[in-house]
Amino acid sequence: MKYIILGTAGHIDHGKSSLVKALTGIDPDRLKEEKERGITLDLGFASLDLPGGSRLGIVDVPGHEGLIKNMLAGVGGIDIVMLVIAADEGIMPQTREHLAICDLLHVKKGLIALTKTDLVDKDWLVLVQDEVREYIKGTFLENSPLVPVSSKTGENLPLLVQELSGLAAEVTPKSPNGILRLPIDRVFTMKGFGTIVTGTLLSGMISTEQEVDILPRGIRTKVRGIQSHNLAVQRSVAGQRTAVNLQGVDKAQISRGDIIVSAGFFTPTKTLDAKLDLLKQAPRGLKTGARIRFYNTTQEAMGRITLLEMNELPPGGETYVQLRLEQPVILQHGDRYILRFYSPMETLGGGMVLNPHTRRHKQTTMDQSLENLRVLEKGSLEDKLGIFVSGKGLVGMTEAEAIGTIAADKQEILTTLASLAQKKALLRVDNLYVHASQLLTLEKRILDLINRYHEDNPLKPGIDKEELKGMLRMRLSAKVLNLVVDGLVKKKLIELEGLKLKVPGFKAARGAIQDEVKNKIVEAIRKGGTQPPLREELPALFSISEKDARDLLKLLADEGRTVRINDSLHLDKEVVEKVREDLKRHLEEKKEITMAEFRDLARTSRKFAVPLMEYFDSLKLTQRVGDKRVLRG
Ligand SMILES: Nc1nc2c(ncn2[C@@H]2O[C@H](COP(=O)(O)OP(=O)(O)OP(=O)(O)O)[C@@H](O)[C@H]2O)c(=O)[nH]1
Ligand SMILES: [Mg+2]
C-alpha cells in the first residue's frame, strides 16, 4: 500500500470541507462550533482509498485568514494539495496565501478543484478557468489538473478521483527509512486508553512497545498502541495518519507542536541557519533584527531574524539567514519552514533549514560561514556531513547525531560517514566522527603548547597528558586527544618519555646545562653541611631563575640526591644521616634535648636548627614535650 497525504487549501467558504465530505463520506468538521457556524476552525481528517491502490490520508484546513496558524499545522506533512477555488468567487486572498505557503513548503504535487460549478453558467466558468490558469503560472501548480466540480450535484467527482489517483501514482511517498518523526496535531484522552495523540507520520515508522521521546518536552515514554485510519495496527509507516496511545503521559503534559521521535537522536534547538525566500507579494521588505513567527509542521515559535548577506531584503528576494527563536523546536537539515511577520500577522516567506544547530556567525569569518551554507543548500550528502562533523569541532559527532541532524535515509548517512572515514576525511574514534581538519588544528595546538612549555619550563623533562589537556582549554574527548598524541609520536613530532611528552631532542639541548647546574647545587649543598645555601640564594649563586631554583631542588629531591627539609632548605643526604645518628644517640643517653643543645649538636645556627628539628618530628623520630624533644614511641 502506498500512503500519501493530501491537504486542502483555499479561501474561506470556498467548499473545501464539503468537497472532502463529498469524496469520502466523512465530514471533516468534527467540532460542534464548526458545525454550528458552518466554518472550519481546526484541522479535520478523512481518508480515501484510490483506485490505483494508494491510500490517501486527508487533512482539511481552515480557510479563515485568522486561522493560518492551524492551516500551517496541517499543511506541513502533505504530499499533494487540493487547492479549492469557488467558481462563483474566483481567486481570493487566502487562495493566494495558501498557494504561496504550499509553494514555499515544496509540496510535491497538486490540483485545483473549481467548486460550486452549479452556481455559475458556462461562460463564467470558462472565464474563471482562464483566470486561474493565468494565476498559477510560475508556481508548482502550473500544468496541474484543473477540475470543475460541484459537491452539491456531484458533477465531475469521479473525474476528480481519477486525477487524484494519477497524482498519487506520480508522488514519491515519504521514506520509511528515515528516522521516526511524528508531529502531534491533536491530543485527547479516551476512556480505558488514556492519552492519545494523532499526527501525520513524516518519516520512519512507529511500532508498539517502541521507546520514544516527546520533544521539546523531554519526555521519554513507550508506545502502548497504534491506530491508523481507525484500525489497530502493530506499526505505522511514513505517510500514514497515525494515532498513538502513550504510556504514562498525561494529556496536560503535551500539546500540538510537540513531536514524537525515536529516542536518542534529536536535540531541541533555538538557533538555526536557513535559506529564506521572501514572497513577491510580501507586504514589505525584511530587515535584520525583525521579530518573526516561525512555523514548521505543527511547531510554532517566536524569534528574530538576522540577514547574513545584507541588511534589508526586498519582496521577491532570497538570502541566507539566521533565526534565533524564543521557544525550542525540533528540526533537521532539509526541513521546510514558513515565516510570518510578528505583527500584523502576514506570511512573508519561507525556505529550507540548512543548519538546525548553529552559533552566531562572527563577521570576521562570515565568508566561510556563507560558503558552508552554500554547500548545505546545494552540496552532496558527503559534503554536508563533512560540514556538520567539522562544526562539532574536536568533540566529534556520533552516528545518532548525524542521523538526527539530516533528514535523509538512515542507511545512506551511515554509509556516507563510513566512506568519508575510509578516505580519511573523517576520523572514527569509537562511535565518534571527527573531521580531519580539526585534527590538524589540534596537532598544531599541541606542538605549539609543548614548545612553549619547554621554553617556560626549561628544567622540566616534559608535560604530562592531563596537564596538556588542561592547557588546551578545548572541549575535547580524552580518546581524541590520545589518538592525536599517538599520531604525533608516530610521526616523530613529539616523544613520550615515561609519562611526559616532549619535543624530540629537547633533553639533549637542555639536559647538559641542566645537569651541570644540578651538579653544582648538589656540591654546594654538600659543602654547606648543616648550613647550606637556601633556595632563595640559588638564583644569585648560579644565575638561574627563581622558578628554575624551585624546579631543580624538587628534581634533586625526587632523584634522591638531596633531602628536602622544607621548601627552601635542602640538605645533603649524608649530612642528614649524621645528624640523625647523633640526635638518636643523645636522646637514648639523655632522654631529652633542648633546641639550643640540638643547635650545637648539629653544629648549625638557630635558623637551620628549627626546621631540621621539625623535620625529625615529622619523621616521627622525635616529639615535642614542653620546649624540649624526646624520642617518640
Ligand atoms: N451550491 C454549492 N454550495 C457549496 C458547494 N460546496 C460548498 N458549498 C457551500 O459553501 C459553504 C461553505 O462550504 P465549506 O465546505 O464549509 O467551505 P470551506 O472551504 O470548508 O470553508 P472553511 O473551512 O471555513 O474555509 C457551505 O454553505 C456549503 O454548503 C457546491 O459545490 N455548491
Ligand atoms: Mg472547511
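**Overall form, metal site and local packing of the predicted model**

The accessible surface of the protein amounts to about 29,600 Å², of which 50% belongs to carbon and sulfur atoms. The model is a predicted one, and buried residues make up 52% of the 633 residues in the protein. With regard to charge, the protein carries 93 positive and 84 negative side chains, and the centres of these two sets lie 5 Å apart.

The secondary structure comprises 19 helices and 34 strands. The radius of gyration of the protein is 39 Å, well over the 26 Å that the globule rule gives for 633 residues, and the protein is therefore more spread out than a compact globule. The C-alpha trace, taken along its principal axes, spans about 130 × 55 × 45 Å. Among the contacts in the protein with a separation of 6 or more, 67% are accounted for by residues 24 or more positions apart.

The magnesium ion (ligand 2) has as its protein donors the OG atom of S17 and the OG1 atom of T40, which lie 1.9 to 2.0 Å from the ion. Because S17 is located in helix α1 (residues 16-24), whereas T40 falls in the loop between α2 (32-37) and β2 (44-49), the pair ties together parts that are 23 residues apart in sequence. Both of these donor residues, S17 and T40, are buried.

Burial is also a feature of helix α3 (residues 68-75), in which seven of the eight residues are buried, so that the helix is largely enclosed by the rest of the structure. The buried residues in question are I68, N70, M71, L72, A73, G74 and V75. These buried residues of α3 pack against a set of elements that consists of β3 (54-60), α4 (93-104), β18 (291-296), β22 (336-341) and β23 (347-355).

A further buried position was examined in strand β7 (residues 181-190), where V187 is placed. The relative accessibility of V187 is 17%, and because residues under 20% are classed as buried, V187 counts as buried. When neighbours within four places in sequence are left aside, V187 is in contact with T195, I196 and V197, and likewise with K251, I254, S255 and R256. The C-alpha atom of V187 is separated by 75 Å from that of K620, a residue 433 positions away along the chain.

Conventions: Residues are numbered from 1 along each chain as its sequence is written. Chains are lettered from A and ligands numbered from 1 in the order in which they are written. This is a predicted model: local features need pLDDT of at least 70, side-chain atom pairs count only at pLDDT 80 or more; totals for chains, interfaces and linings use all residues. Side-chain values use heavy atoms; hydrogens and water are left out. Donors are N, O and S atoms within 2.8 Å of the metal (3.2 Å for Na, K and Ca); water is not among the atoms, so sites may look incomplete. Helices (H or I, at least four residues) and strands (E, at least two) are DSSP runs, numbered from the N terminus. Buried means under 20% relative accessible area, exposed over 50%, partly exposed in between (1.4 Å probe, protein chains only). The radius of gyration is taken over C-alpha atoms; the globule rule is 2.2 Å times the number of residues to the power 0.38. Contact means heavy atoms within 4.5 Å. Accessible areas come from the Shrake-Rupley method with a 1.4 Å probe; for residues, only the protein chains shown count as cover. Lys and Arg count as positive and Asp and Glu as negative; His and the chain ends are not counted. The place of a charge is taken as NZ of Lys, CZ of Arg, CG of Asp or CD of Glu.
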